[in-house]
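Q: Could you take me slowly through the way the helices pack in this structure, and then through the place where the chains meet? I am in my first year, so please explain the terms as you go.

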Amino acid sequence: MATGTLGTYSPSQSLERRHQQQKRTDFQEVDWARSDGRNFHQCRPAFLRTGAASSASGSAYAEFGSTKVIVSVFGPRESKKAMLYSDVGRLNCHVTYTTFSTPIRGQGFEHKEYSSMLHKALEGAIMLETFPKTTVDIFALVLESGGGDLPVIISCASLAIADAGIMMYDLVSAVSLSCFGKNMVIDPTSEEEACQDGSLMITYMPSRNEVTQFTLTGEWPTARINEAMELCLDACSKLADILRSCLKDNASELTA
Amino acid sequence: MVGLSAGERQFIYGGIAQDLRSDGRQRLQFRPISVQTGVIPQANGSARATMGATDVIASIKAELGKPAPLRPDKGKVSIFIDCSPTAAPVFEGRGGEELSAELSVGLQRCLLGGKSGAGAGIDLSSLIVVEGKVCWDLYIDGLVISSDGNLLDALAAAIKAALSNTGIPKVSVSVGASGEDQPEVDVSDEEFMQFDTSGVPVVVTLTKVGRHYIVDATLEEESQMSSAVSVSVNRHGRVCGLIKRGGTGLDPSVVLDMVSVAKHASETLIAVLDSEIASAEAIDDDDAI
């Protein structure tokens, strides 16, 4: 690694180091240890808190390994005058990455489509008829991007909406899965995501048994899609239980 | 598009339930597809695809660039879709931005495979000129001229046709270039390298209206949909990408059922598209002579 002219620390050094690390780890092997010691079908431990932003109607903070997201919900608020009357509520979702969230500054702009994907994932879960003529704004901020960002954003957002007291059919939980040759790895970190052969993301409402969003990349034979879906749906149900218990703890703290 | 009355909505629902859609098609029948290649002389490859009243153009330009540091043996492809206001007045200015972003991401997902490059429809390693230093950057631009539903399928078909029409100029690298500097490359004007498009997948969008799925929905039918699943299938019958669109939730078993129906429908689409592209290329060759 030539650092001749650079006297001070530079992020490109860590990029080189990661590049070499990737070359060493051969993801095509049958058995390889994940960098944080999990096995293939184990998700990252989730840390969730509601009430992170006190000025918002509802908010939540989620930390899944090194992915840290904060979501604030404002509303229902009056719609802008330019918008036409509508007898169902409107949802406005916005996902932004901080400039320091990615190893290389400003890389978050590659994920412009996350805002509309968040919108679609939550649309089916919120009872829009309960707030006609108004808008609910959902702002998600990714403080650190450690892989599997969109699922964490979606789960955190549904927690924030519940914290805001907006009526929903069910909590939405989301999980993503990476495919490396024959292996399927759930809840990938960013190093694993960068070398994946294929990926699958599901957002799910467990009580209604409904999938609100489903995206798949890479080449998949149908049998593996089945297998991957079952894994993810199981993980989503467990995550929804964790979301629920977080809300209950918060509620009991308030009443205690 | 003027809003639909309750009677028209009922007509669409009822027709689909009885396997007889408003234009006489069956649920799993495509509209007639026509493809013209070489429509944009300044691009390296181009094609125009029409599915009924939906009209889209795809153009491909190749420029020399530097490969990404983490992927020194692969070229780069970027897909960008633009919805022109000629399709709908709402697309003017920033109105079409959301739809364009959704279509661009959808096509990138279907055509470019996983991050490691496995399962990609386009072979990125064939775009390399000098490993680590010079590669071809492919810019795939799609333009929606007229929209009557099913934009994703039409764009994927146009891109597939444009890729088979694409000629990448042959590049000769001068020998004796030093290690660090950019090697001298000579881009030839005469010789071209054709792309191998046998691996490029097609996209089949299944729209769920009521309890049934239809293929190739028109704008009216799309306005009545509860949700849609777009599946990208390649020649060997393997799924290369999947996106669920629309807000309403779907039962997981329904999603899997839609995947198998889409695979079945893709076989006819691939056959029709291949014959259309072949005849379009043949007309092109005749004109050139």
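A: Before looking at any pair of helices it helps to have words for their angles: those under 35 degrees count as roughly parallel, those over 145 as roughly antiparallel, those from 65 to 115 as roughly perpendicular, and the rest as oblique. Two packed helices are described by the angle between their axes and by the distance between those axes. Please keep in mind that this is a predicted model.

We can start in chain A, where helix α2 (residues 114-123) and helix α3 (residues 149-163) pack at an angle of about 50°, their axes lying 10 Å apart. α2(A) and α3(A) are therefore oblique to each other, and their crossing is right-handed. On the side of α2(A) the contact involves Y114(A), M117(A), L118(A), A121(A) and L122(A), which meet D149(A), L150(A), I153(A), I154(A), A157(A), S158(A) and I161(A) of α3(A). Sorted by character, the residues of this contact are 10 nonpolar, 1 polar and 1 charged.

Helix α3 of chain A also packs against helix α5 (residues 222-255) of chain A, at an angle of about 35° and with the axes 11 Å apart. This crossing, of α3(A) with α5(A), is right-handed. Here S155(A), S158(A), L159(A), A162(A) and D163(A) of α3(A) make the contact with L239(A), L243(A), C246(A), L247(A) and N250(A) of α5(A). The residues of the contact between α3(A) and α5(A) divide into 6 nonpolar, 3 polar and 1 charged.

Chain B has a helix pair to set beside these: the axes of its helix α2 (residues 97-112) and its helix α3 (residues 151-165) come within 10 Å and cross at roughly 55°. That angle makes α2(B) oblique to α3(B), and α2(B) passes α3(B) in a right-handed crossing. From α2(B) the residues L99(B), L103(B), L107(B) and L111(B) take part, while α3(B) contributes L151(B), L152(B), L155(B), A156(B) and I159(B). The contact of α2(B) with α3(B) consists of 9 nonpolar residues, with no polar and no charged ones.

Now we can turn to where the chains meet. The size of an interface is often given as the accessible area lost when the parts come together. Chain A and chain B bury about 2,800 Å² between them, and 57% of that area is on carbon and sulfur atoms. In terms of residues, 33 of chain A are in contact with 31 of chain B. Of the area that chain A buries against chain B, 19% is supplied by K120(A), F214(A) and E219(A), more than by any other three residues.

Two of these names return when we look at charged pairs, for the interface of chain A and chain B holds 2 salt bridges, while a search of the whole structure finds 17 over all chains. In one pair, the side chains of E102(B) and K120(A) meet at 3.8 Å, N to O. E102(B) lies in helix α2 of chain B and K120(A) in helix α2 of chain A, so this pair joins two chains. In another salt bridge, the side chain of R238(B) meets that of E219(A) at 3.0 Å, N to O.

Finally, two details of the backbone of chain A deserve a look. Most residues other than glycine have a negative phi, and most peptide bonds are trans. G75(A) and P76(A), however, are joined by a cis peptide bond with omega about -5°, and P76(A) is found in strand β3 (residues 67-78) of chain A. D187(A), a residue other than glycine, has a positive phi near 55°, and it is found in the loop between β7 (183-186) and α4 (190-194) of chain A.

Technical notes. Residues are numbered from 1 along each chain as its sequence is written. Chains are lettered from A and ligands numbered from 1 in the order in which they are written. This is a predicted model: local features need pLDDT of at least 70, side-chain atom pairs count only at pLDDT 80 or more; totals for chains, interfaces and linings use all residues. Side-chain values use heavy atoms; hydrogens and water are left out. Axes are lines fitted to C-alpha atoms, for helices over the stretch in contact, and angles run from 0 to 180 degrees between N-to-C directions. Helices (H or I, at least four residues) and strands (E, at least two) are DSSP runs, numbered from the N terminus. A crossing is left-handed if the near helix is turned anticlockwise from the far one by less than a right angle, and right-handed if clockwise. Contact means heavy atoms within 4.5 Å. Ala, Val, Leu, Ile, Met, Phe, Trp, Tyr, Cys and Pro count as nonpolar, Asp, Glu, Lys and Arg as charged, and the others, Gly among them, as polar. Buried area is the accessible area (1.4 Å probe) that two parts lose on being put together, summed over both. A salt bridge is a side-chain nitrogen of Lys or Arg within 4 Å of a carboxyl oxygen of Asp or Glu.
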